[in-house]
Amino acid sequence: MQVQGKATLLRYTENPESTIALASKLCYSGRDVDELAADVDGKDNARFIAMLSDMGHYSPFEHASFTFAIEGVSRALLAQITRHRIASFSVRSQRYVNEGDFNYIVPPAIENLGAEAKAEYERQMQTMLGWYRDWQARLGGTGEGANEDARFVLPNACETKMIVTMNARELMHFFSLRCCFRAQWEIRKIAWDMLEEVLRVAPNVFRAAGPGCLSGPCPEGKKCCGRMAEVRKRKEQLLGK
């Protein structure tokens with residue numbers, strides 16, 4: 001069955017903006033932590049956090065973490081997102097989970113070719129599903145031992161699910177790379193979903209987050225997509241929610 005990817009924020013550091021402000025003020029104050037906490041808790045820390053961003057003082061941002069459920073994405077996406085090493089990943093195992101009725105992702109470019117092309121793609125998915133089930137049967141059923149070797153015939157399109165945790169600093173780095181139109185379409189969609197989620201709970205932390213073209217010239221140089229106005233409009237729409 002065809003599925004579409006989505007990212008949902010599950011958990012996050014309580015009062016992330018206050019936590020970041022507290023961590024930063026501790027660096028430059030001789031006061032006790034309780035006094036500093038009283039100074040930031042329940043207060044508007046927007047201007048202070050903006051100042052930290054302008055200064056490039058990002059280490060305090062590492063104390064705020066965000067955990068997402070990511071579903072309906074391909075194993076191809078898994079290979080990309082796990083390149084972001086300052087993160088924690090828990091991924092559904094193809095060794096322990098029977099993929100005998102796997103869901104799959106259809107790339108938009110194939111969808112755009114029309115119904116006949118999509119039907120052919122879906123037939124190919126069914127063919128590979130048949131291969132998988134056949135190898136399971138030959139290898140002794142649907143247990144761990146059979147699954148771990150039968151999975152070698154599964155396509156990159158096969159759906160996976162994962163839990164991902166990143167701190168705010170790593171998320172901003174992630175957004176700078178993966179919200180860009182130069183990023184692959186699937187991880188770009190997930191990145192924008194994640195950005196929308198964190199803006200709901202920590203708008204001041206992520207107010208400037210996104211591709212480099214939001215705040216200056218495109219960092220891609222000659223490979224620039226030329227869609228900077230579109231990117232900026234999308235970010236403005238998120239901030240307006």
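At 14% relative accessibility, E197 counts as buried in this predicted model, and its side chain nevertheless meets that of R200 in a salt bridge, with a nitrogen-to-oxygen distance of 3.4 Å. R200, by contrast, has a relative accessibility of 54% and counts as exposed, so that the bridge joins a residue above the 50% cut-off for exposure to one below the 20% cut-off for burial. Both partners belong to helix α9, where they stand three residues apart and are therefore separated by about one helical turn.

Helix α9, which spans residues 185-201, also contributes to the nonpolar interior. The largest nonpolar core comprises 41 residues, and those touching the most other members are F66, I70, L171, F175, M194, L195 and F206. At least two residues of this core are supplied by each of the strands β1 (6-12), β2 (65-74) and β4 (159-167), and likewise by each of the helices α3 (46-55), α4 (75-81), α8 (168-178), α9 (185-201) and α10 (228-239). Helix α9 provides the largest share, amounting to nine residues. A second core, separate from this one, consists of twelve residues, among them Y104, V106, L129 and C158.

Aromatic contacts were examined next. Six aromatic pairs are present in the structure, and a single aromatic cluster is formed by Y12, F66, F174, F175 and F206. Three residues of this cluster, F66, F175 and F206, are also listed with those that touch the most other members of the largest nonpolar core.

Turning to the charged side chains, the structure holds 15 salt bridges in total. One of these links D39 to K25, whose side chains meet with a nitrogen-to-oxygen distance of 3.3 Å. Because D39 lies in helix α2 (residues 33-40) and K25 in helix α1 (residues 16-27), this pair ties together parts of the chain that are 14 residues apart in sequence. D39 counts as partly exposed, at 24% relative accessibility, and K25 falls into that category as well, at 22%. D39 additionally forms a salt bridge with R31, for which the closest nitrogen and oxygen atoms are 3.6 Å apart; R31 is itself partly exposed, with a relative accessible area of 37%. These three residues, together with K43, are linked in a network of salt bridges.

K25 takes part in a further contact, since its charged end sits over the ring of F48, at 4.9 Å from the ring centre. An arrangement of this kind is also found for R138, the charged end of which sits over the ring of W135, 4.4 Å from its centre.

W135 is located in helix α6, which runs over residues 115-139, and this tryptophan is partly exposed, with a relative accessible area of 36%. On the surface, W135 joins W131 and L139 in a nonpolar patch, and the accessible area of the three residues together is about 310 Å². W135 thus combines membership of a nonpolar surface patch with a position beneath the charged end of R138.

Conventions: Residues numbered from 1 in each chain as written. Predicted model: local features only at pLDDT ≥ 70, side-chain atom pairs only at ≥ 80, totals over all residues. Heavy atoms only, no water. Patch = residues over 30% accessible without salt bridge, like charges linked within 9 Å, V, L, I, M, F, W, Y side chains within 5 Å. Areas by Shrake-Rupley, 256 points an atom, 1.4 Å probe, with all protein chains shown as cover. Salt bridge = Lys/Arg side-chain N within 4 Å of Asp/Glu carboxyl O. Helix = DSSP H or I, 4+ residues; strand = E, 2+ residues; numbered from the N terminus. Buried < 20%, exposed > 50% of the residue type's maximum accessible area, 1.4 Å probe, protein only. Core = buried A, V, L, I, M, F, W, Y, C linked by side-chain atoms within 4.5 Å. Phe/Tyr/Trp six-rings, centres within 6.5 Å; stacked < 30°, edge-to-face > 60°. Lys NZ or Arg CZ within 6 Å of the ring centre and 35° of its normal.
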